[in-house]
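Good morning, colleagues. Please take a moment with the sequence and the model on the screen, and then I shall go through the voids and the sheet in turn.

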Amino acid sequence: MNERINVAVIGTGFGRKVHIPGFQLHHRTKVTAVFNPNLEKAQEVAKEFNIANACDSLEQVLNSPDVDAVSISTPPFLHYDMAKAAIDAGKHVLLEKPTALNVSDARNLYELANKKGVVTTMDFEYRVVPTWQRLAELLAEGYVGNKRLVKIDWLMSSRANPDRGWNWYAQKDKGGGALGALGSHTFDYMAWLFGPVKRMFAQLNTSICDRPDPAEGGKRKPVDADDTALLMVEFADGTPAQVSISSVAYAGRGHWVEVYGDRGTLVLGSGNQQDYVHGFRLMGSQNGEPLTELEIPDRLTFPRTYPDGRLAPFVRMVDLWVRGIDGGQAIEPSFREGVYSQLLMDLTHESSETGQWVDVPNLEVFLG
C-alpha cells in the first residue's frame, strides 16, 4: 500500500488547474500521462508539469502499462464514452461531475464498473470540506431537531456577463448550463445531508439567449442551456426544501444552505464569487438565540490549504479514492452517488418541461 498509483489525466482545462496539481501533491499518486486531442496542447501541459507521456490518443493512454487509473475532467458530453473506455480497460476512474448526459448512461457506467471491479469516485468535493463535514455531523446529532425547512441558494455571477464566450457550456445537448455545473453538486449534497428526495417541482430558465463565439470572430450564437434553476423539493422524511441556483446573478449572495428545525437553526454559507470553496462559515442557533459562528474541530480542518480553494478538497477526494483502490472496495461518493445526482437532474428537466411535480424513485429500486 506504499506503492505509487499511476494516473493519467484526461483533459487539460480543469485537469490542468486542479487535477494534475492535486495528484502531484498527494504522496501516493503520480501523473504518468496527460491526454488532449491536440498533441501540441498535451505536450505543452506535460512539459509544464514534468509528465512523461503526452497523448492525443485515448487508446494509447488506456493501453499503457504505466497507467493504473484515470481522472476525467473533460466537458460532460465526453464523460460517458471516455469513462466506459477506461472501465473496459480495467482502470480505476475519478470522474468530474455531472456524471453523464442522462441517467441511463450514468447507470450503465455504474453497472459496468461493478462488473469490472474497478474503484470509482465522483469529484463531489463539498463532502470533504471541513465546514460542510461539521454541518453533516451536527445534523446527524440532532442539533436542529425535527427539520421544518431546508433552503438552498447558490447565486453566482460567473456567467452574468452576456459577452462571455459561447462554448459547450451554452449548449443543452453538450451538458452545459447551471444545473449541470452547480445542480449536480447540489443534488449530491442534498442526498448526503438530508436523505432521499420523494418528489420535486422545477423551473429551468435561460435568460441570456445568445453569446459571442470567439472561434467565429464574435458571431453571436444561440444559448439553450439553462442559467437559472428553481426547485421545490419534498424529502422522503417530509421535510420541504426550496432551491435557487443561478450562474447569472450579478452580486449574487453566493452559496448558502439553511436548515430550520424545531430545536435550532444551522446556516452554512459563503459570499465568495471568485472561489467556490474558500470562505464558508457555519453558524448555529438553538432555542431562538441569535446565530453565532460555530467552531470547526481541528480533526476536520485541512492539513494544508492553497490559493485555489479547490485543491485541498480535491486532494482529500484523491485520498478517499486511493484508500478504496488499496482495499479494493467501493467508496462514497462513487458512481452510485453519481447516478442519483444524474437522476435528479433528469427529473428536473422533466418537471420543467411538463410543468408538473415528478416523483423520485428509490435509488435501490432504480438500480435494480
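For the classes I shall use, Ala, Val, Leu, Ile, Met, Phe, Trp, Tyr, Cys and Pro count as nonpolar, Asp, Glu, Lys and Arg as charged, and the others, Gly among them, as polar. Please keep in mind throughout that this is a predicted model.

On that basis, consider the second largest cavity, whose lining has five nonpolar, four polar and one charged residues. The space in this cavity is about 40 Å³. Around it stand Tyr126, Trp154, Met156, Gly254, His255, Ser270, Asn272, Asp275, Tyr276 and Phe280.

How many cavities of 30 Å³ or more does a search of the whole structure find? The search finds two. The largest holds about 70 Å³ of space. Its lining comprises six nonpolar, two polar and four charged residues. Among the residues that line this largest cavity are Arg159, Arg211, Asp226 and Asp227, together with Tyr169, Ile208 and Val223.

I turn now to the open side of the matter, the pockets. The largest pocket has a volume of about 1,100 Å³. It is lined by 37 residues, and those nearest its centre are Phe14, Lys97, Tyr169, Ala181 and Arg310. Tyr169 thus appears in the lining of this pocket and also in that of the largest cavity. By class, the pocket lining consists of 13 nonpolar, 14 polar and ten charged residues. Which helix gives the most to that lining? It is α7, with four residues. Helices α1, residues 14–25, and α7, residues 178–194, each supply at least two residues.

Finally, the sheet. Six strands form an open sheet with parallel pairing, in the order β3-β2-β1-β4-β5-β6. Strands β3 (53–55) and β6 (120–122) are at the edges and have a single partner strand each, so one side of each is left without a neighbour in the sheet. From one strand to the next, the twist averages 25°.

Within the sheet, β1, residues 5–10, pairs with β4, residues 69–72, in the parallel sense over four bridges. Val7 has Ala69 in β4 as its bridge partner.

Two helices that pack on this sheet deserve mention. Helix α2, residues 39–49, touches β2 (29–35) and β3, and its direction makes about 155° with that of β3. Helix α9, residues 335–354, touches β5 (92–95) and β6, and its direction makes about 40° with that of β6.

Thank you; I am glad to take questions.

Note on methods: Residues numbered from 1 in each chain as written. Predicted model: local features only at pLDDT ≥ 70, side-chain atom pairs only at ≥ 80, totals over all residues. Heavy atoms only, no water. 1 Å grid on protein atoms, 1.4 Å probe; cavity = no way out; pocket = protein on both sides within 12 Å on 5 of 7 lines; lining within 4 Å. Points joined across faces, edges and corners; volume = space filled by probe spheres on them. Pairing = 2+ DSSP bridges. Axes fitted to C-alpha atoms, helices over the stretch in contact; angles between N-to-C directions. Contact = heavy atoms within 4.5 Å.
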